[in-house]
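Here are a few short exercises to work through with the model open beside you. Try each task before reading its solution.

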Amino acid sequence: MVLSELGRGEKAKIVDLFNIDQMVKRRLLDFGIMEGIEVQLKQRMPFKGPFMLDYCGQCLGIRHQEAARIEIKRV
């Protein structure tokens, strides 16, 4: 399952960041987003817009293209 399939308000554990661009991966790692971390989908913008994720009280926006490449497991 990938992050773009997650519903609003659902929580998931990140399983794999291998398929995303190295620049995006580095940026996510700078924010503390890595394999094994639990995130919650706060908001999905329409028309394949960005996703708003909540991680440890901070809100992070990620593009739909990257969300479709991040493998997750629902919690």
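**Exercise 1.** How many bridges join strand 1 to strand 2, and in which sense do the two strands run?

Solution. Keep in mind that this is a predicted model. Start with the bridges: 3 of them join strand 1 to strand 2. Next, take the direction: these two strands run antiparallel. For an example, look at K13, whose bridge partner in strand 2 is E38.

**Exercise 2.** Find the bridge partners of A12 and I14 in strand 5, then place the strands in the sheet.

Solution. First, A12 has R74 as its bridge partner in strand 5, and I14 has I72. Strand 1 and strand 5 pair over 4 bridges, in the antiparallel sense. Now widen the view: 5 strands make an open sheet with antiparallel pairing, in the order 4-3-2-1-5. Strands 4 and 5 stand at the edges with a single partner strand each, so one side of each has no neighbour in the sheet. From one strand to the next, the twist averages 40°.

**Exercise 3.** Which residues touch the most other members of the largest nonpolar core?

Solution. The core has 20 residues, and L3, I14, L28, I33, I70 and I72 touch the most other members. Then ask which elements contribute: strand 1, helix 1, strand 2, strand 3 and strand 4 each supply at least two residues. Strand 3 gives the largest share, 3 residues. Finally, zoom in on I70: leaving aside neighbours within four places in sequence, its contacts include L3, I14 and L28, along with M1, V2, D16, L17, I20 and I62.

Conventions:
Residues are numbered from 1 along each chain as its sequence is written. This is a predicted model: local features need pLDDT of at least 70, side-chain atom pairs count only at pLDDT 80 or more; totals for chains, interfaces and linings use all residues. Side-chain values use heavy atoms; hydrogens and water are left out. A nonpolar core is a set of buried Ala, Val, Leu, Ile, Met, Phe, Trp, Tyr and Cys residues joined through side-chain atoms within 4.5 Å. Buried means under 20% relative accessible area, exposed over 50%, partly exposed in between (1.4 Å probe, protein chains only). Contact means heavy atoms within 4.5 Å. Two strands pair if DSSP finds at least two bridges between them. Axes are lines fitted to C-alpha atoms, for helices over the stretch in contact, and angles run from 0 to 180 degrees between N-to-C directions.
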